[in-house]
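The following paragraphs lead through a protein structure by way of its aromatic side chains and one loop residue. Please consult the sequence and the model while reading.

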Amino acid sequence: DKYNAWISVMTEALLPNFTQFGWGATKAPPEIVEKIQHALHSGLSSAEEEEEDRGIVGDFKPLFVRMPDLVEEAMLSLQKYFEAWVGFALRPTSAYGLRIYRNNSQLYMHVDKLATHVISGIFHIDHSDDAEPWPLLIEDFEGKTQVVYLDKGDILFYESAKCVHGRPIPFRGS
């Protein structure tokens, strides 16, 4: 843990900034949103509890819908939006998939792995009708903690190996 913390601090100090503020947001194309929303809802019945992640805490582990082909397709179709944000070509390395957070979930503040997550995104696909807005906190390059609320179809771009981010406020919803 101490080594990982040291690496995180050094990465933040030595990694160059690729954008002005370290994060930004936009709407995803409606056809991609609809396709993934449909896949998410149809996959809910087969969702599995995610493996242990020490950064995520709460009453229940998040659920995970495994659709690797769709996730890969979405990553490639959204690549041009990420490239427009940073202003240069990117090489996609990974796309996590369809995670479903449950009531009282929290995500500790952290930075991501430098090997795979320099330029990252969160694609907010959907939420339950009873869900309260769940803020993502992200520290920008000026050292200010920004509070970002994502809605259905929003994409958050961020320099995740450099900008500390998380969801430390408990999620309220099903």
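**Aromatic pairs around tryptophan 134**

Tyrosine 101 and tryptophan 134 are both buried (under 20% relative accessible area; exposed means over 50% and partly exposed in between, with a 1.4 Å probe and protein chains only). The model is predicted, so that local features need pLDDT of at least 70 and side-chain atom pairs pLDDT 80 or more, whereas totals for chains, interfaces and linings use all residues. Residues are numbered from 1 along each chain as its sequence is written, and side-chain values use heavy atoms, without hydrogens and water.

Across the whole structure, 6 aromatic pairs are found (ring centres of Phe, Tyr and the six-membered ring of Trp within 6.5 Å; planes under 30 degrees apart are stacked, over 60 edge-to-face, the rest tilted). Among them, tyrosine 101 and tryptophan 134 meet edge-to-face, at 4.9 Å centre to centre and 70° between the planes. Tryptophan 134 also forms a tilted pair with phenylalanine 171, at 5.2 Å and 55°. Because tryptophan 134 lies in the loop between E7 and E8 and phenylalanine 171 in the segment after strand E11 (165-167), this pair ties together parts 37 residues apart in sequence (strands are DSSP runs of at least two residues, helices, H or I, of at least four, numbered from the N terminus).

**Proline 29**

Proline 29 occupies the loop between strand E1 (23-27) and helix H2 (30-43). Its relative accessible area is 10%, and therefore proline 29 is buried. Beyond neighbours within four places in sequence, proline 29 contacts Leu78 and Tyr81 (heavy atoms within 4.5 Å).
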